[in-house]
Amino acid sequence: RANNARTATVANTQTPVGITAHQGQNEGMHFIAISYPGLTKSTSQESRIVNHALFEEQIAALKASGYVTISQNDILNYYLYYGALPDKALFLIFEDGLLSSVSLAQDALVKNGYQATLCTYANNLNKPDSPYVSGALLKSLLAIPCWETGTNGYRISYINVFDRYSNFFGALTWMSSCAFTSTSGAITTII
């Protein structure tokens, strides 16, 4: 579907695949990360934002297939301390901190006992009449078990290795990437 740039079939339902599976230090251990650019009520096939009804189908299919969501701390524990993950570990991310992502995803997350990370840019937190979550809403999400918060970074280590003047930042080692991730909260840098 045009709503999802790349898809894979999970239980006969189209699932977005910004999906990445990573092998860890423990043989056979891995997790899947699905990153949604946002949710919308629009049914336009031109939108890069995913229709909320399609999202609900995808989440139901993942749940029916036995996937269990994991937290940012689970991922850090996995990478830094070789911690165990569930057999069908799933990390859900909502990019950019759109208000519509919160309002349209929350019921499906709660219904399926899932957790997701809502990432946003700090410069959007205090914009009045913004389509992005405010600082106050972001803080209130911490009290709701289905949400974690994160940041979108301007300089994700393996994507943005050059600045706007074509200066090379240098290569980061795996541990320095994790250290950057854990202090900034930008968990997407290690996925």
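User: Let's start with Asp96. Is Asp96 buried or exposed?
Analyst: Keep in mind that this is a predicted model. Asp96 is found in the loop between β8 and α3. Residues under 20% relative accessible area count as buried. Asp96 has 16% relative accessibility, so it counts as buried.

User: What is the phi of Asp96 near?
Analyst: Most residues other than glycine have a negative phi. Asp96 is a residue other than glycine, yet its phi is positive. The value is near 70 degrees.

User: Tyr82 has a positive phi too, I see. Where does Tyr82 lie, and how much of its area is accessible?
Analyst: Phi of Tyr82 is near 60 degrees, and Tyr82 is a residue other than glycine. Tyr82 lies in the loop between α2 (72-81) and β8. Values from 20% to 50% count as partly exposed, so Tyr82 is partly exposed, with a relative accessible area of 48%.

User: Now for the strands. How many residues of β9 are buried?
Analyst: Let's look at β9 one face at a time. On one side, Ala116, Leu118 and Thr120 are buried. On the other side, Thr117 and Cys119 are buried as well. For strand β9 (residues 116-120), the count of buried residues is therefore five of five.

User: Which strands pair with β9, and in which sense?
Analyst: One partner is strand β8 (residues 89-94), joined to β9 over three bridges; Ile93 has Thr117 of β9 as its bridge partner. Another is strand β10 (residues 147-151), joined to β9 over five bridges; here the bridge partner of Thr120 is Thr151. So the names are β8 and β10, and the sense is parallel.

User: Which helix makes a β-α-β unit with β8 and β9, and which one with β9 and β10?
Analyst: Between β8 and β9, the unit includes the helix of residues 99-112, α3, and it is right-handed. The unit of β9 and β10 is right-handed too, and its helix covers residues 135-141. The helices are α3 for β8 and β9, and α4 for β9 and β10.

User: Are α1 and α3 roughly parallel or roughly antiparallel?
Analyst: The axes of helix α1 (residues 52-64) and α3 come within 10 Å and cross at roughly 15 degrees. The crossing is right-handed. Angles under 35 degrees count as roughly parallel, so the answer for α1 and α3 is roughly parallel.

User: Which residues of α3 meet α1?
Analyst: On the α1 side, the residues are His52, Phe55, Glu56, Ile59, Ala60 and Lys63. On the α3 side, they are Leu104, Ala105, Ala108, Leu109 and Asn112.

User: How far apart are Ile59 and Asn112 in space?
Analyst: Ile59 is found in helix α1 and is buried, with a relative accessible area of 0%. Among the residues that Ile59 touches are Tyr36, Ala108 and Asn112. Ile59 and Asn112 are 53 residues apart in sequence, but from C-alpha to C-alpha the distance is 7.6 Å.

User: One last residue, Gln115. Is Gln115 buried or exposed?
Analyst: Gln115 lies in the loop between α3 and β9. Leaving aside neighbours within four places in sequence, the contacts of Gln115 include Thr69, Leu92, Pro145 and Glu148. The relative accessibility of Gln115 is 19%, and the cut-off is under 20%, so Gln115 counts as buried.

Conventions
Residues numbered from 1 in each chain as written. Predicted model: local features only at pLDDT ≥ 70, side-chain atom pairs only at ≥ 80, totals over all residues. Heavy atoms only, no water. Buried < 20%, exposed > 50% of the residue type's maximum accessible area, 1.4 Å probe, protein only. Helix = DSSP H or I, 4+ residues; strand = E, 2+ residues; numbered from the N terminus. Pairing = 2+ DSSP bridges. Right-handed = clockwise from strand over helix to strand, strands pointing away. Axes fitted to C-alpha atoms, helices over the stretch in contact; angles between N-to-C directions. Parallel < 35°, antiparallel > 145°, perpendicular 65-115°, else oblique. Left-handed = near helix turned anticlockwise from the far one by under 90°. Contact = heavy atoms within 4.5 Å.
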